[in-house]
Amino acid sequence: MCALVEVRGLTKVFNGVAAVDNISFDLYEGEILGLIGPNGAGKTTTLQMLLDLTTPTSGEVRIFGKAIAEDRAAILKAVNFSSSYISLPHSLTVRENLSIFARLYGVAKRAGRIRELALSFEIEDILDVPVRRLSSGQITRVCLAKALLNDPLVLFLDEPTASLDPDIADKTRRLLQNIKAERGLAILYTSHNMKEMEEFSDRVVFMDMGRIIAEGRPDGIKERFGGASLEEVFLKIARGQAR
Amino acid sequence: MNLWRVFAYATRHLYLYKRSLPRLMEVFYWPLLDLLLWGFVTVYLGRLQTPVPGFVTFFIGALILWDMLFRSQQGISVSFLEDVWSRNLLNIFVSPMTQAEYIASLLVISVVKLILTSTVMITLAFVLYSYNVFHMGLSLIPLIANLIVMGWSIGIITTALILRFGQEAEVLAWGVALLFQPVSAVFYPVSVLPPPLRAVARFTPSAHVFEGMRSVIASGVFPTGEALWAAGLNAAYLSLAIAFFSWNFRVVKKKGLLVKIGE
Ligand SMILES: Nc1ncnc2c1ncn2[C@@H]1O[C@H](COP(=O)(O)OP(=O)(O)OP(=O)(O)O)[C@@H](O)[C@H]1O
Ligand SMILES: [Mg+2]
């Protein structure tokens, strides 16, 4: 197994307080890594630093063995991101939006790729609808389609399933799992849905107050903290009964 | 710089105009309003026996040229705001598109928007007041180019400030260009200004452009000196604006504000 993303001693201090405090972990090829933790634990800040949207106070991030500053274009071409707090230009239709991002990523055979993804995310019938008329779950699906346009090797997702109905959320997870199985896609994602974390993640990193307090396979974590489910473990840790 | 990405992203704004009636209205509404209001004022003042010869020509010409500077600036800052409003900035900055390419695409779109509004304005001026801006001939090209570049500098600085201070700074997108109007000597010669402002005007590219415009209209002589002054100032200001933007971008990334903008 090869580490596509290596994080070493990553730290972010905001106004004297460490939002992310000296964390290290790897994300391997063909792995789904779940990042969990209470509100304010530092998950979003971590993802932002991996994507070079926020500059770390100290520490190092390497993607495909390189720091983003070394070869930004090459790295970002093979990476993508989606989250519940982004959207797409509202006046443009779904197809127009996807086609613009396909161009930015230099995707060949754009129309075919968009059709393929539309089918996967069940958005064929809204391809020609302006984004402003979509429901939030539909927008989430369109953003996920955007995130897969470039056939990324690494996908960062911040609460990707937050506004999806159980049916679509389930289909989305399956879809991502298939892509992972087919071509070794690595996913780092956050979620507050512990059941999803348990079923979907190969490995979990548990953050609290900027630090990693547990890391491993969901089963292993449950065992270590003596919980029947990840949710139980989460509650124990969040309420300070586990330290 | 990957030009393919620059133009790909500029098309996003063209789609917007195809789709958004209010945005398209903007192209026609403001120029029409400006021309009607100031045009009639001009016509009226022209009827009084003003001692200024060619008063109407000065005034409407100035109106059209000022609008170009304004549009050039708006083309940048409003297009950027559209990405803020639609929570699209992160999509851009996690894509292979670089900061420089993003700015370049804003410049492209600003020129496209400007061509659109100026065509409307020039046509309206001709229809309403039989005013032909092209009587200034080829002199127009360096004058307009200088106004566009000055608009870019203001637009880029405004954009940097919005990036930094968020929605509270949005009003700047509409107001900052107007700040330069008094010292730009759009409707009157620089000599009208009190000495301190005259000194400021010397360092304002648009003031040289409008002095130049009056010289072309009055005597037909191309104001080489003014045009060169304006170009030199513009080169300096545009470099400063770009440097300010990228310094500011680094600060915003350090403060973790990129993800917060628009909230
Ligand atoms: N730009 C910023 N400036 C100052 N403090 C910040 C900034 N961004 C985040 N923080 C702080 O850093 C901490 C971690 O925030 P972060 O958004 O990473 O948490 P999170 O784990 O994603 O939480 P949630 O589950 O609520 O999404 C919080 O205390 C937050 O207030
Ligand atoms: Mg978060």
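Q: Residues from which chains surround ligand 1?
A: This is a predicted model, in which local features need pLDDT of at least 70 and side-chain atom pairs count only at pLDDT 80 or more, while totals for chains, interfaces and linings use all residues. Residues are numbered from 1 along each chain as its sequence is written, chains are lettered from A and ligands numbered from 1 in the order in which they are written, and side-chain values use heavy atoms, without hydrogens and water. The site is shared between chains, because the residues that surround ligand 1 come from chains A and B.

Q: Which element gives the most residues to the shell around ligand 1?
A: The shell holds 15 residues (a heavy atom within 4 Å of the ligand), and A:G40, A:K43, A:T44, A:T45 and A:H192 come nearest. With three residues, the element that gives the most (helices being DSSP runs of H or I with at least four residues, strands runs of E with at least two) is chain A's helix α1, residues 43-50.

Q: How do the residues of the shell around ligand 1 divide by character?
A: Gly counts as polar; the nonpolar class is Ala, Val, Leu, Ile, Met, Phe, Trp, Tyr, Cys and Pro, and the charged class is Asp, Glu, Lys and Arg. On this basis the shell comprises four nonpolar, seven polar and four charged residues.

Q: What percentage of the area of ligand 1 does the protein bury?
A: Polar contacts (N or O pairs within 3.5 Å) reach oxygen atoms of ligand 1 from the side chains of A:N39 at 2.9 Å, A:K43 at 2.8 Å and A:T44 at 2.7 Å. Taken alone, ligand 1 exposes 640 Å² (Shrake-Rupley, 1.4 Å probe). Of that area, the protein buries 69%.

Q: What is the radius of gyration of chain B?
A: Chain B has ten helices and zero strands. Its C-alpha atoms fill a box of roughly 60 × 40 × 35 Å along the principal axes. For 263 residues the globule rule (2.2 Å times the number of residues to the power 0.38, for C-alpha atoms) gives 18 Å, so chain B is as compact as a globular protein of that length, with a radius of gyration of 19 Å.

Q: What is the radius of gyration of chain A?
A: Chain A has nine helices and nine strands. A compact globule of 243 residues would have a radius of gyration near 18 Å, and chain A agrees with this, at 18 Å.

Technical notes
Polar contact = N/O pair within 3.5 Å; in protein donor to acceptor, adjacent residues only side chain to side chain.
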